[in-house]
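Please brief me on this model. Start with the ligand site, then move to the sheets and two side chains.

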Amino acid sequence: MFGTALLLFLAGRAAVPPAVPGRLEVSGLRVEYLTDPLGIDVPRPRLSWRIASDARNTMQTAYQLQVGLAPASVERGSGLLWDSGRIMSDASVFVDYAGPPLESRTRYYWRVRVWDSNGRVSRWSPMASWETGFFRAADWVARWIGPAPSGGDSLPSPSPVLRRAFRVNGPIRSARAYVTSLGLYELYLNGQRVGDQLFTPGWTSYRHRLQYQTFDVTELLRAGANAVGATLGDGWYRGYLGFFGQRNLYGRRLALLLQLEIRYQDGRTERVVSDGDWKTTTGPILTSDIYRGEIYDARQDHPGWAAPAYDDHAWAPVAVLEPPSAILVASESPPVRRVRELHPVSIRQLPSGETLFDLGQNFTGWTRLVVRGASGMTVTLRYAEVLDKSGNLYTANLRGASQTDRYTLKGNGAEQYEPHFTFHGFRYVAVAGLPQPADTSTITGIAVSSDLPQTGLFETSDSLLNRLQRNIVWGERSNFLDVPTDCPQRDERLGWTGDAQVFSRTAAFNMDVAGFFAKWLADLAADQDTSGSVPWVIPNLFSDSVHFGGTAGWSDASVIIPWTMYQVYGDRGLLERQYPSMRAWVDYARRRAGSELIWRPGWQFGDWLALHSDDPSYPGATTGTDLIATAFLAHSTDLVARAAVVLGKADEASRYAVLFHAVRDAFNREFVSGAGRVGENTQTAYALAIAFDLLPDSIVPAAADRLAQDVRARGAHLTTGFLGTPVLLHTLSGTGHVPVAFDLLTQRSYPSWLYPITRGATTMWERWDGIRPDSSFEDPGMNSFNHYAFGAVGDWMYRNIGGIDLDPAAPGYKKSRIAPRAGAGLTSARASLETPYGTLATAWKIENGRFVLDATIPVNTTAALTLWDSRVDRVQEGGRSLSGGGGIRDVQQRGKDVVVVVGSGQYHFSAPTPP
Ligand code: BGC
């Protein structure tokens, strides 16, 4: 025993490379989109790592990957499954595993080391791993089970609970649970909740794809008697979903599929699966619905029901169901979890007798109620985003979503309650029926969201802009709940494609959304019509016979988001996977445009929620839907052409490039005058035409001047809607109108980004005037206070104020552009982004007449820094005048600006503040 350990120790030491001068380290190992994932089903997963170096200008020149079935063999570097050998390459992101084919339910250990441009070799990285789920449908031997059919299946009904006792016959080496359901599930082993994931198995295109989760349950099992149990909820599968009051969209019967696989230390394996031996009954959840909330009667609980000793003889046998037609796929996105707790900032009594808790922040989730009282008393919790003028909950904007939870007490001392299969969009909770006076421990806000790592930070010397940034992040946290939703409160909460499209780039600054969007885009492709048309919402709610889709700016999510993910993460594999879907959409839209190449007919959302001329105090901002649809056709065609170049499809690249130019020509003929007027002379018309590169170069300055002129004429106010807003500031700053862009951004009066903040907004509003200047509410039929679309301005703030941008020619921030701008009286700003290569950061301030800029550039990347309006001989780095060396690769005077190309490391620039 001891001898083996000693041998391993010596062998391990021998494999460590000799010490190198300076620090060169590899860490942050990732497989596909996750760290040490469990249960992935990608046959050739892609591996990524990050490098740290204490020397500037460090590039990776080579890497070596080792993969094995046991940590010890990888540490020894022998008995490996795959050793890449030394590969001369600077690739450190999404590197293909190229070893032997992977097996189902197997854990692979891996490590990597790198060589750098300074001639150093790193030590081996810490060990990382991935574990496969099931590659073949035949890996599933469990049966689908659920309660026997009943007449109530189509109506709100109590959540079923299911259980089975089993024995563990010896010491366990490892155990895994592979689980999914029709409806939502919560899994328990020996009375304990398995994992911390919420809303499993997630929402996908249920007719085509159903996710399963893999849990390591080794620690939850014990020798002898065990029990497994599950509670099922209606969720998206058969609850109310969509604004027509429908339910049972995907089916009527809830069901569970579970395969528990035990490996004993002596090598035996055993399975406990869902099958006809399980028992079922109903429990304390009387109804639970995403829109309508939960009714819970704690007296109906079965104490110990998921523990082995429970006597289930009175429960009914389960029914075994036919499997659904969807294929089972492993989750690829981070799961939904509880991500924050919020405490009441005020508590007061309402005239209604309810106690009102203000959690100080609009968000998505629920509350934890702590209560003590007599058995049978009921506490009712109603949730809302805002209060009306008299201080009561304003719920008219929730439409058909009642957002109410009811808890009936068991009556045995302190009771804690959180609902299960519902979520609410709210800041305020009105509670009725509290047995004793409330305090701050009565209610705790629980924010839930897809648990996406925060990647971005943006802060300035202006507190309103900082609040805007926080509101954008809360909008993202509130609406990235397994799918990107429009809003979390009313009877909608759907994966609206247009909203996701406009926000995707901003989203990717704030959080790591690579896996989140990869999952959703797989659903988009699955739900795409055979004609190529893309539904309005993904997952699609509407049956195949009623096709709500094929709309410009919305369906273009199919092209714009994969392209954006490729740009920000360098995810070429995703681009390849989505390419057929991207192309199919463009082919469809092109057919809609007919021989003239102007897309006129059919329903369009247009520049949704732009300022319309029906407001007499604020006239005229409607952009023609033909202009918008044709502009998006051109833009998506352009992106498909570029994607084809990346994927090496030369013929298609030139075909779509030719089409792009033809649509562009048609656009100019139809909508552009020689004097630079575009369409209806709206801000959106100019912004789209310029941002999508639809105008001849000679006309751009005149068109941009007209845009700037319109903004000025309106006293620095915008008129744009969902489609024009995201490109408005980019268009202005990209055409020499930076001060106009700053004036718009920092405008406080309606309509503007900061106006809602002056009205106390803590999230982004759906409409510019959700609460009007006269304090009245907009149309309750559509007035969400948590809609991220207008938050798409975040990407302008990161790229222009923070000055962090990518070089489209080297995606994933392999090359970045650093070009921060000061304006609107800002005296400092800082921004940072966790890029695939590491932290890219800027911090600038204006001090003693100098513009001082600190920049951090990740290893294995380079950056081109622009100092505006300066001269090479006036710029200093690290207190010295600019010359080559020390990481500075190139210095150029480009017109009025100085451009410095640097390698990795930290830099400290300063130059006289531009006039
Ligand atoms: C949603 C939007 C969506 C729109 C389509 C609304 O009801 O909330 O955000 O994009 O419909 O026009």
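The points below cover the ligand, two open sheets, a serine and a threonine.

This is a predicted model. The protein covers 96% of the 310 Å² of accessible area that the ligand has on its own. One open sheet has seven strands, and another has three.

**Ligand site**

- The residues around the ligand are Asp486, Arg490, Glu492, Trp496, Asp499, Trp554, Phe605, Trp608, Phe722, Glu766 and His787.
- By class, this shell holds five nonpolar residues, one polar residue and five charged residues.
- Asp486 makes a polar contact: a side-chain N or O atom sits 2.7 Å from an oxygen atom of the ligand.
- Glu492 also places a side-chain N or O atom 2.7 Å from a ligand oxygen.
- For His787, the distance from a polar side-chain atom to an oxygen atom of the ligand is 2.9 Å.
- With those contacts in view, the cover is worth restating: 96% of the ligand's own accessible area of 310 Å² lies under protein.

**Seven-stranded sheet**

- The strand order is β35-β40-β41-β42-β48-β44-β45, and the pairing is antiparallel.
- The edges are β35 (456-460) and β45 (880-881). Each has a single partner strand, so one side of each has no neighbour in the sheet.
- β42 (residues 850-857) pairs with β48 over eight bridges, in the antiparallel sense.
- Within that pairing, Asp854 has His908 of β48 as its bridge partner.
- β44 (residues 876-877) pairs with β48 (residues 905-912) over two bridges, again antiparallel.
- Here Glu877 is bridged to Phe909 in β48.
- As background, side chains in a regular strand alternate between the two faces of the sheet.

**Three-stranded sheet**

- This open sheet runs β1-β3-β7, with antiparallel pairing.
- β1 (24-31) and β7 (95-96) are the edge strands. Each has a single partner, so one side of each is left without a neighbour in the sheet.
- β1 and β3 (residues 46-53) are joined antiparallel by six bridges.
- Arg30 has Ser48 in β3 as its bridge partner.

**Serine 904**

- Ser904 sits in the loop between β47 (897-902) and β48.
- Is Ser904 buried or exposed? Ser904 is buried, because its relative accessible area is 1%, and the cut-off for buried is under 20%.
- Leaving out residues up to four places away in sequence, Ser904 touches Ala55, Arg56, Asn57, Thr58, Ile857, Pro858, Val859, Asn860 and Thr861.
- Which backbone atom lies 2.9 Å from a polar side-chain atom of Ser904? The atom is the backbone nitrogen of Thr58.
- Ser904 and Ala52 are 852 residues apart along the chain, yet their C-alpha atoms are separated by 9.7 Å.

**Threonine 637**

- Thr637 belongs to helix α9 (residues 625-646).
- Thr637 counts as buried, because its relative accessibility is 0%.
- A polar atom of the Thr637 side chain lies 2.5 Å from the backbone oxygen of Leu633.
- Beyond its neighbours within four places in sequence, Thr637 is in contact with Val586, Tyr656, Leu659 and Phe660.

Key
Residues numbered from 1 in each chain as written. Predicted model: local features only at pLDDT ≥ 70, side-chain atom pairs only at ≥ 80, totals over all residues. Heavy atoms only, no water. Pairing = 2+ DSSP bridges. Helix = DSSP H or I, 4+ residues; strand = E, 2+ residues; numbered from the N terminus. Near = heavy atom within 4 Å. Polar contact = N/O pair within 3.5 Å; in protein donor to acceptor, adjacent residues only side chain to side chain. Areas by Shrake-Rupley, 256 points an atom, 1.4 Å probe, with all protein chains shown as cover. Nonpolar A, V, L, I, M, F, W, Y, C, P; charged D, E, K, R; others polar. Buried < 20%, exposed > 50% of the residue type's maximum accessible area, 1.4 Å probe, protein only. Contact = heavy atoms within 4.5 Å.
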